[in-house]
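Let's take a walk through the open spaces and the metal site of this structure. Have the viewer ready.

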Amino acid sequence: MKDIVRQKIGINVDIMDMLNEQISKEAHSSSAYLAMASWCDHNGLTGSAEFLYKQSLEERDHMMKIFRFINENGGTAYSPEVSNILHDFNSLQEIFETALDQEIAITKSINNIVAKCRKVQDFASENFLQWFVHEQMEEENQFRRILEMFDLMGTDGIALKLIDERIKHGE
Amino acid sequence: MNLLFKSYNFASYQCDRSRCFYIDFGHKTVKLSFCQLLSLRQKVQKIDLDSHFDKDLNYSGIEILTLCNREHLFILDTMQVIEMKELIKATFGMLELNSLVTHS
Ligand SMILES: [Fe+2]
Ligand SMILES: [Fe+2]
């Protein structure tokens, strides 16, 4: 019997499923950052809003990267539905804590797929995902640095304005 | 044609000559490209069986399955959904096994 599946698709089918789930997660991240940006805009924190709009775009880029990878390799990528987006926050600090938690969850999810790639010896997908492993490390650190600013400078009036300025300039 | 899996009502085949797959639904056999088979797999996997046991979520206990860009339409009851899920799982299991044998 011919191996038609392998002739048609270059990646493992179960990995394809996991990558499709990852597409959903990246789309969710993108929308979550958009909601956070909106909150910041409404609360006079324009620097943070700008930063979060940029984050939202980056998450969409991540989504597209995976989307194209699946289709280019003979799989089928599914356009994600997004729900459960949180719009209510108590403070800017809470926003960045939520953001860091979200990134950590994404890192775990990526690691989980990499582990599965090794198990089924899908080295093409593993290699593709290495970029994401590195990207997640950078994103986590970026939010950690922002949260450190709150630890150092506090969260009241002037400090908040200063932090917002710094976030805008990608400190 | 190579039989991949046969359940009580359904069966799946691979045809080497046409490089296609066939699903026998009992009363009708449908020819699927690999891409269409993947799409069937996605649709069947996405069916939430739990909702079949909740009157508020799925009152009628049926699922409507469209195949090949809505060229075919199937209505499955709970038992058939269970069987279809099993067929898809076993079919892809067989295909993976074949892959291992072919390229080892
Ligand atoms: Fe991302
Ligand atoms: Fe991210």
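## What counts as a pocket

Before the volumes, a quick word on the term: on a 1 Å grid over the protein atoms alone, a pocket is an open set of points with protein on both sides within 12 Å along at least five of seven lines. Keep in mind that you're looking at a predicted model.

## The largest pocket

By that yardstick, the largest pocket holds about 720 Å³ of space. Its lining runs to 26 residues, and the ones closest to the centre are A:Asn12, A:Val13, A:Val120, B:Glu96 and B:Ser99.

Which helices build the wall of the largest pocket, with at least two residues each? From chain A there are helix 1 (4-8), helix 2 (13-42) and helix 5 (123-153), and from chain B there are helix 1 (34-46) and helix 2 (78-102). Helix 2 of chain B gives the most, putting 8 residues into the lining. Sorted by chemistry, the lining of the largest pocket comes out as 11 nonpolar, 8 polar and 7 charged residues.

## The second largest pocket

Next up is the second largest pocket, with about 440 Å³ of space. Here 13 residues make up the lining, and A:Ser24, A:Tyr78, A:Ser79, B:Gln42 and B:Lys46 sit nearest the centre.

Two helices each supply at least two residues of this lining: helix 2 of chain A and helix 1 of chain B. Helix 1 of chain B gives the most, with 5 residues. For the second largest pocket, the split is 2 nonpolar, 6 polar and 5 charged.

## The iron site

Now for the metal. Which protein residues donate to the iron ion (ligand 1)? They are A:Glu26 and A:Glu59, each through OE, and A:His62 through ND1, lying 2.1 to 2.2 Å from the ion. Along the sequence, these donor residues follow the spacing E-x32-E-x2-H.

A:Glu59 also bridges the iron ion (ligand 1) and the iron ion (ligand 2), and the two ions lie 3.3 Å apart. A:Glu26 belongs to helix 2 of chain A and A:Glu59 to helix 3 (residues 46-72) of chain A, so the pair ties together parts that are 33 residues apart in sequence.

Are these two glutamates, A:Glu26 and A:Glu59, buried or exposed? A:Glu26 is buried, at a relative accessible area of 0%, and A:Glu59 is buried too, with its relative accessible area at 0%. The cut-off for buried is under 20% relative accessible area.

Methods: Residues numbered from 1 in each chain as written. Chains lettered and ligands numbered in written order. Predicted model: local features only at pLDDT ≥ 70, side-chain atom pairs only at ≥ 80, totals over all residues. Heavy atoms only, no water. 1 Å grid on protein atoms, 1.4 Å probe; cavity = no way out; pocket = protein on both sides within 12 Å on 5 of 7 lines; lining within 4 Å. Points joined across faces, edges and corners; volume = space filled by probe spheres on them. Helix = DSSP H or I, 4+ residues; strand = E, 2+ residues; numbered from the N terminus. Nonpolar A, V, L, I, M, F, W, Y, C, P; charged D, E, K, R; others polar. Donors = N, O, S within 2.8 Å, 3.2 Å for Na, K, Ca; no water. Buried < 20%, exposed > 50% of the residue type's maximum accessible area, 1.4 Å probe, protein only.
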